[in-house]
Amino acid sequence: MATEEMEQLVRREYTQGFVTDIESDTVPPGLDESVIAFISKKKEEPEWMLKWRLEAYHQWLKMKEPSWAHLNYPPIDYQGISYYSAPKKPEDRPQSLDEVDPKLLETYEKLGIPLHERAALAGVAVDAVFDSVSVTTTFKEKLGEAGVIFCSISEAIREYPELIKKYMGTVVPQGDNFFAALNSAVFTDGSFVFVPEGVTCPMELSTYFRINAANTGQFERTLIICEKQAQVSYLEGCTAPQRDENQLHAAIVELVALEDAYIKYSTVQNWYPGDEDGKGGIYNFVTKRADCRGDRSKVSWTQVETGSAITWKYPSCLLRGKDSVGEFYSVAVTNGRQQADTGTKMIHIGEGTKSTIVSKGISAGNSDQSYRGLVKIGPRAKRARNFTQCDSLLIGDRSGAHTFPYQEIGNSSATVEHEATTSKIGEDQLFYCRQRGISEEDAVNMIVNGFCKDVFQELPMEFAVEAEALLNVTLEGAVG
Amino acid sequence: MLEVKDLHVTVEGNEILKGLSLTVNAGEVHAIMGPNGSGKSTLSAVIAGKEDYEVTSGSITFEGRDVLEMEIEERAQAGLLLAFQYPVEIPGVKNIYLLKAALNAQRKARGESEIPAPEFMKLVKEKLAFMKMNASFLQRAVNEGFSGGEKKRNEILQMLLLEPKLAMLDEIDSGSTSMP
């Protein structure tokens with residue numbers, strides 16, 4: 001459809017007016033233009049943003065949900081979902097830890113999460129527990145001095161429209177894929193980071209410090225920009241189990257690295273995986289992509305995935321700048337009835353580009369896990385190099401592991417290496433450890449953590465410690 | 001100390017041990033000899049608690065406790081340790097980590113607190129020196145890429161550190177020399 005026609009259509013629909021009551025805090029289930037306009041209005045967005053959303057919506061209408069992943073789930077009724085609900089007000093949240101599910105608290109304890117953080121994570125009205133406002137203020141001041149912008153994406157759309165117009169959708173276009181188009185139409189929250197030229201962000205940025213982070217929506221959108229020679233380390237998620245009434249999650253993360261910039265993006269994801277039969281778990285369909293636009297730029301993705309009933313996620317790097325570098329380190333653990341189809345794409349476009357992929361998959365219980373990776377080396381990517389290692393560890397005899405590595409090599413000067421192993425925690429290994437007095441559970445944890453070591457050492461220190469504990473909790477009762 | 005009485009053991013339907021009895025008192029050294037397939041490794045594996053071995057009759061007691069009723073790790077914690085004929089490799093797990101985890105598991109079972117790190121290092125270095133082993137050994141993954149001889153020394157190192165009441169050494173010299 002020509003742009004002009006599109007604009008006409010958008011305008012015409014707009015003049016018909018919107019029926020949804022702007023005062024209400026949730027919209028009824030269903031998706032149409034009025035719902036999108038409602039969201040845009042709630043977020044106090046300028047009109048160009050609404051237009052952008054509607055463009056995405058019209059592309060989405062023409063798209064089909066992808067079916068190529070090695071996943072099995074009942075069809076999603078996109079008209080049965082409510083696309084906006086306001087964050088809970090403090091008075092609606094639990095007022096103290098006494099009102100929180102004891103099982104959840106038990107898990108926090110096992111993970112070694114400090115007491116005051118437990119309250120915040122469990123959704124207790126935070127101000128009653130510790131003064132988050134003052135923490136955030138000091139934090140913002142320090143970033144402000146360095147010239148770093150760190151705010152919610154909605155705030156950025158209002159306050160920094162030029163940056164948003166310049167970068168949003170340039171890494172993951174509106175119509176990139178079904179879930180990306182949906183997100184572009186209805187995203188409600190997320191983070192925005194801008195690090196100006198030559199600045200190394202003075203601290204690790206974590207969504208945890210952002211007010212309202214506990215109520216991040218189901219359609220998050222994050223945009224991180226590092227100008228020339230800028231650096232930032234960004235932490236997403238937390239190890240604590242996160243519950244959400246919304247089953248479908250479709251997030252977008254866009255990273256832009258200009259010349260000599262370095263972005264390190266670490267994720268620990270622990271969405272609710274559902275009950276023993278897999279009921280009620282989160283479906284997580286995420287599009288994460290980095291654009292290494294500048295020469296010698298570098299992006300490093302590190303992820304620890306333990307949650308979700310369904311995971312569909314391929315953090316990728318477009319290596320456009322000369323000698324740019326992309327890295328992907330991943331540990332994915334599935335247990336119970338979880339299914340994960342995850343991996344990465346490394347697209348080598350520029351000369352001398354390098355990528356490293358280290359993927360560790362652990363499947364226990366009745367779970368099923370696939371690594372899906374693409375290494376594409378373009379004709380102009382002379383001397384490009386890739387190293388891929390993907391290892392699977394099976395626990396028990398009812399779990400599955402699959403590997404789908406794709407390689408498209410477009411020139412003969414490239415070097416591409418691929419190593420893969422599949423192993424099972426052996427009875428012999430367990431017997432050996434237990435014969436030294438170590439309990440079966442501790443032995444499994446020890447073997448699994450040994451298996452994941454290459455990835456854990458890429459995580460920021462405090463995240464690494466939590467990740468180890470998280471793995472142990474996730475695999476509790478996996479053997480026996 | 002160890003009392004094995006009229007022990008019958010089958011593996012996959014084949015009877016390997018046919019009424020073996022053995023008494024080991026504190027301070028004694030016993031050498032069990034026999035041709036291949038006579039059940040030497042089976043005996044040590046059954047005492048250590050390896051699965052797939054079915055005890056059809058007989059009993060094993062250690063310091064008066066019924067060994068066959070104990071979990072594998074409980075037997076080890078009680079002081080019954082087996083040095084393996086073929087020690088397994090555990091990739092990514094450092095030797096020193098396994099040693100510390102094992103020692104602490106045993107201390108915990110005895111109601112003691114975990115060993116402080118400096119004390120542990122001192123202890124390990126002592127034992128290493130005794131075995132004439134290099135400290136770099138501790139940083140390598142358990143048995144990964146070890147030569148046959150190194151694996152056996154590693155088993156002995158663990159015994160020295162864990163100080164079992166009864167150590168069973170299964171063909172401890174195989175790999176370094178060949179014995180009939």
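How many bridges join strand 2 of chain A to strand 4 of chain A? Notes below, starting there.

1. Strand 2 (residues 191-195) and strand 4 of chain A run parallel and are joined by 4 bridges. Helices (H or I, at least four residues) and strands (E, at least two) here are DSSP runs, numbered from the N terminus, and two strands pair if DSSP finds at least two bridges between them. A:Val195 has A:Cys226 of strand 4 as its bridge partner.

2. A caveat before going on: this is a predicted model, where local features need pLDDT of at least 70 and side-chain atom pairs count only at pLDDT 80 or more, while totals for chains, interfaces and linings use all residues. Residues are numbered from 1 along each chain as its sequence is written, and chains are lettered from A and ligands numbered from 1 in the order in which they are written.

3. Strand 4 (residues 221-226) of chain A also joins strand 7 (residues 252-257) of chain A, in parallel, by 6 bridges; A:Leu223 is partnered there by A:Glu254. Of the 6 residues in strand 4, 6 are buried (20 or more other C-beta atoms within 10 Å of the residue's own, against 12 or fewer for exposed and partly exposed in between, with C-beta atoms placed from the backbone). A:Arg221, A:Leu223 and A:Ile225 point one way, and A:Thr222, A:Ile224 and A:Cys226 the other.

4. Chain A also has an open sheet of 8 strands, paired in parallel, in the order 3-5-8-10-13-15-17-19. Strand 3 (205-206) and strand 19 (415-424) are its edges, each pairing on one side only. Helix 11 (residues 440-456) of chain A packs on this sheet, touching strands 10, 13, 15 and 17, and its direction makes about 160 degrees with that of strand 15 (axes are lines fitted to C-alpha atoms, for helices over the stretch in contact; angles run from 0 to 180 degrees between N-to-C directions).

5. Helix 11 turns up again at the contact with chain B: along with helix 10 (427-434), it gives two or more residues to chain A's side. The contact takes 18 residues from chain A and 23 residues from chain B, with contact meaning C-beta atoms, placed from the backbone, within 7 Å.

6. Over in chain B, helix 4 (residues 117-131) has 1 buried residue out of 15, so it lies largely in the open. Just after this helix, B:Lys132 takes a positive phi of about 55 degrees.

Technical notes: Two residues are in contact if their C-beta atoms, placed from the backbone, lie within 7 Å.
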